[in-house]
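The following exercises are meant for a reader meeting this structure for the first time. Each gives a task and then a solution in steps.

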Amino acid sequence: MDTTTSSGGMVVAPHKAAADAGAEILAEGGSAIEAMIAAASTIAVVYPHMNAIGGDGFWLIAEPGKDPKALMACGSAGSGATIEAYNKAGHGAIPTRGPLAALTVAGTIGGWAKAKEAAQAIGAGKIPNTELLSSAIRHAKEGISVTRSQAALTFEKLAELKDQPGFADVFLVDGEVPEEGSLLKQARLADTLQHLAHEGFDEFYRGDVGAAIADDLERIGSPVTKADLEKFEARFKDALKVELKCGTVFNAPPPTQGLASLIILGLYDRLKTDGREGFDLVHGLVEATKRAFLVRDRVVTDPLRLPEPPRTFLTADWLDEEAAKINMRRALEWPQIAKPGDTIWMGAVDKKGVSVSFIQSIYWEFGSGCVLPKTGITWQNRGASFSLRPDALNALEPGRQPFHTLNPAMARLRDGRTMTYGTMGGEGQPQTQAAIFARHVLNGMPVGEAINAPRWLLGRTWGDETTSLRLEARFDPDLVRDLEKVGHEVVQMADDYSDTMGHAGMIVRNTKGGLEGAHDPRADGGASIV
């Protein structure tokens, strides 16, 4: 896979229309932050199975030479989302589809609003919202071409989606799955985006759009109320970071699993490996992943209820001690419980060096499956990650933030480069981040090759029940045998490039302002430049 280069600015996204929308803003003199709002609104229209404005988002935003700040645009459980209410309704677990799965406030639009303020604070943010959302509005009105992944996932999940409120009216054609390449129009969503563009993003929570959303949510039986929407505000927080030999890597704090992504790299950095592609790379990163996930599943929850400070696990002393426990000739027994999820990651860097790592999601494909009739908004099912056990780490409670698989990444390398990268893929996100980072930064692979190279996944994602170590078909058979010999339960997949491995992207900026970037051949996107 080729690496795209530029000296003017770049946007990478899993759908080319989103990358192009962001690049157009850069070409007009907009900042990376504004470009990302354009890309985010567009991807919510053209990739509706993966994300929507009824979901959550997380940003890492960095000015040149400064540590990134984390923008947390994630909603909390609604006022009616109590364990008692779900038990009374006869549920032993939170439903994964339908109105009772649509139980958290959507934070995405609040993130756009706060990001726009951040752009204005650095002397940017001058492009009007009408222009930032123009691509999204046009695609929603005129229609989009249904992608291969949208058609396949609609067919695969049809039984659990077709009867959800509003779904068939928007995403099916006479009750049937639309064919790849067919035209899908979203008129109501276009109207909503146009209203937000003209009247402001705050309308989503405290204006006419918010009132329409609240009315629809109440009508279908969601626990989210108008008051819940009105209380929401996205917030900036300090990013988590870990020091490696090559530089500093940043990620989002809880309730995301950014901690796990950083632990993996922190542990791998301490292993005695030959640093090349092969057994040591895969085994080392998989064993680091296992230990990172054990911490994640014990610690990561609503940031106001953390049982231990996350930064404890990013200190040199803790990482040294934990890395010493990894056996490079024996696999740790597995599995643990896996975290599913479907998402998009996008990155943008402008000519001034402002960098954005961004991730947006409705959790599972098509989220709750509920499409609100007045606004055309598909609502997330992120709250399905809560537990109905009162003693659980992520127990359901009104006002509580759910566990998030989402985690955007960024790195400042000692040689002066800034790396903006990430992926979708639920349980696979920390693993794919580690793979592309190690291959590019530690092994010296060009950006495109690092993303193209065969990948692995430990755990369950995309509805697959296996928790084995899955490998794409392009891995050397000798490597597969070596992994099995040390105790890994390996499943070699039939596909050379599998959606299961996520849709990764990366932009690297050097000290002279030159950019190198690429997006995953496993997706429908690419890199767009100025």
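**Exercise 1. Enclosed space**

Determine how many cavities of 30 Å³ or more the whole structure holds, and describe the lining of the largest cavity.

Solution. The model is a predicted one. Rolling a probe the size of a water molecule over the atoms shows where empty space is left. A search of the whole structure yields one cavity of 30 Å³ or more. The volume of the largest cavity is about 40 Å³. Its lining is formed by Ala44, Pro48, Ala52, Ile53, Phe171, Gln186, Leu189, Gly376, Ile377 and Thr378. Sorted by class, this lining comprises seven nonpolar and three polar residues, with no charged residues.

**Exercise 2. An open pocket**

State the volume of the second largest pocket, and identify the residues closest to its centre.

Solution. The second largest pocket has a volume of about 490 Å³. Of the 22 residues in its lining, Cys74, Ser76, Arg235, Gly399 and Gln401 are the closest to the centre. Two elements, α13 (226-231) and β7 (235-238), each give two or more residues to this lining. By class, the lining of the second largest pocket has ten nonpolar, five polar and seven charged residues.

**Exercise 3. Helix α4**

Compare the span of helix α4 with the expected one, and decide how far the helix is covered.

Solution. Helix α4 occupies residues 108-121 and has 14 residues. From its first C-alpha to its last it reaches 20 Å, close to the 20 Å expected at 1.5 Å a residue. As to covering, ten of the 14 residues of α4 are buried, and the helix is thus mostly covered. Among the buried residues are Trp112, Lys114 and Lys116. Just after α4, glycine 123 adopts a positive phi of about 85 degrees.

**Exercise 4. Cysteines and an isoleucine**

Are cysteine 246, cysteine 370 and isoleucine 362 buried or exposed?

Solution. A residue is buried when its relative accessible area is under 20%. Cysteine 246 has 18% relative accessibility and therefore counts as buried. Cysteine 370 is buried too, because its relative accessible area is 0%. The structure holds zero disulfides. Isoleucine 362 belongs to strand β11 (residues 355-363). With a relative accessible area of 0%, isoleucine 362 is likewise buried. Its C-alpha atom is separated by 23 Å from that of arginine 305, which is 57 residues apart from isoleucine 362 along the chain.

Technical notes. Residues are numbered from 1 along each chain as its sequence is written. This is a predicted model: local features need pLDDT of at least 70, side-chain atom pairs count only at pLDDT 80 or more; totals for chains, interfaces and linings use all residues. Side-chain values use heavy atoms; hydrogens and water are left out. Helices (H or I, at least four residues) and strands (E, at least two) are DSSP runs, numbered from the N terminus. The expected span of a helix is 1.5 Å times one less than its number of residues. Buried means under 20% relative accessible area, exposed over 50%, partly exposed in between (1.4 Å probe, protein chains only). On a 1 Å grid over the protein atoms alone, a cavity is a set of points where a 1.4 Å probe fits but cannot get out, and a pocket is an open set with protein on both sides within 12 Å along at least five of seven lines; lining residues have an atom within 4 Å of a point. Grid points are joined across faces, edges and corners, and a volume is the space filled by probe spheres set on the points. Ala, Val, Leu, Ile, Met, Phe, Trp, Tyr, Cys and Pro count as nonpolar, Asp, Glu, Lys and Arg as charged, and the others, Gly among them, as polar. A disulfide is a pair of cysteine sulfur atoms within 2.5 Å.
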